[in-house]
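Dear colleague,

I am passing on the structure we spoke about, with the sequence alongside. Below it you will find notes on what turned up when I went through it.

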Amino acid sequence: MYFATLLLALGLLWPVGPPPPEILRGWQPPAGPYGPGHRGVDLAAAPDAPVLAPAAGTVSFAGPVGGRGVLTLTLPGTGTPPLRTTFSPVTPLVKAGTRVTAGTPVARVTPSTHCPRTCLHWGLLRGDTYLNPLLLTRRAPSRLLPTGG
């Protein structure tokens, strides 16, 4: 319950858009730390599109990993260890140690082979545990439709 309350209080933004981007591939948690899975979500984004900080935080990493540009943003006040959100493939616009506010452009989307078309891979971690980054977004509530005519 604490986690859900915390996320609602943060009022986080989508990292690309508006409008909210199309989700090209969803989060598929691995069964174990080294198992197969998709440790984030892929969001449709045009090449060179700005990547915005979804919340205030401190850039804890900005540079290449495995030949792709990566940016990691640590979110203060989100518990111990704090939540970290990651973005790739990107060209960082800010350096590690930079404090940013929600909505600040922190990177630009770089084309890669991660998706069939250009996308932004968005991840979320607490320590070494991957979480679904869509937990950070505000989405319209689900509605049940009548089954009868």
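**Contacts, fold and disulfide**

Among the contacts in the protein with a separation of 6 or more, 60% are accounted for by residues 24 or more positions apart. Please bear in mind while reading that this is a predicted model, and that the values given here are computed from it.

As for secondary structure, the protein comes to 1 helix and 11 strands, and when it is read along the sequence the order is α-β-β-β-β-β-β-β-β-β-β-β, with the helix ahead of the strands.

Turning to burial and surface, 40% of the 149 residues of the protein count as buried, while the accessible surface comes to about 8500 Å², and carbon and sulfur atoms hold 61% of that surface.

A search of the whole structure for disulfides finds 1, and this disulfide joins Cys115 to Cys119, with an S to S distance of 2.0 Å. The torsion about the S-S bond of Cys115 and Cys119 is about 75°, and the disulfide is therefore right-handed. Are the two cysteines buried or exposed? Cys115 has a relative accessible area of 8%, which is under the 20% cut-off, so Cys115 counts as buried; Cys119, with a relative accessible area of 3%, falls under that 20% cut-off as well and is therefore also buried.

With best regards

Technical notes. Residues are numbered from 1 along each chain as its sequence is written. This is a predicted model: local features need pLDDT of at least 70, side-chain atom pairs count only at pLDDT 80 or more; totals for chains, interfaces and linings use all residues. Side-chain values use heavy atoms; hydrogens and water are left out. A disulfide is a pair of cysteine sulfur atoms within 2.5 Å. Buried means under 20% relative accessible area, exposed over 50%, partly exposed in between (1.4 Å probe, protein chains only). Helices (H or I, at least four residues) and strands (E, at least two) are DSSP runs, numbered from the N terminus. Contact means heavy atoms within 4.5 Å. Accessible areas come from the Shrake-Rupley method with a 1.4 Å probe; for residues, only the protein chains shown count as cover.
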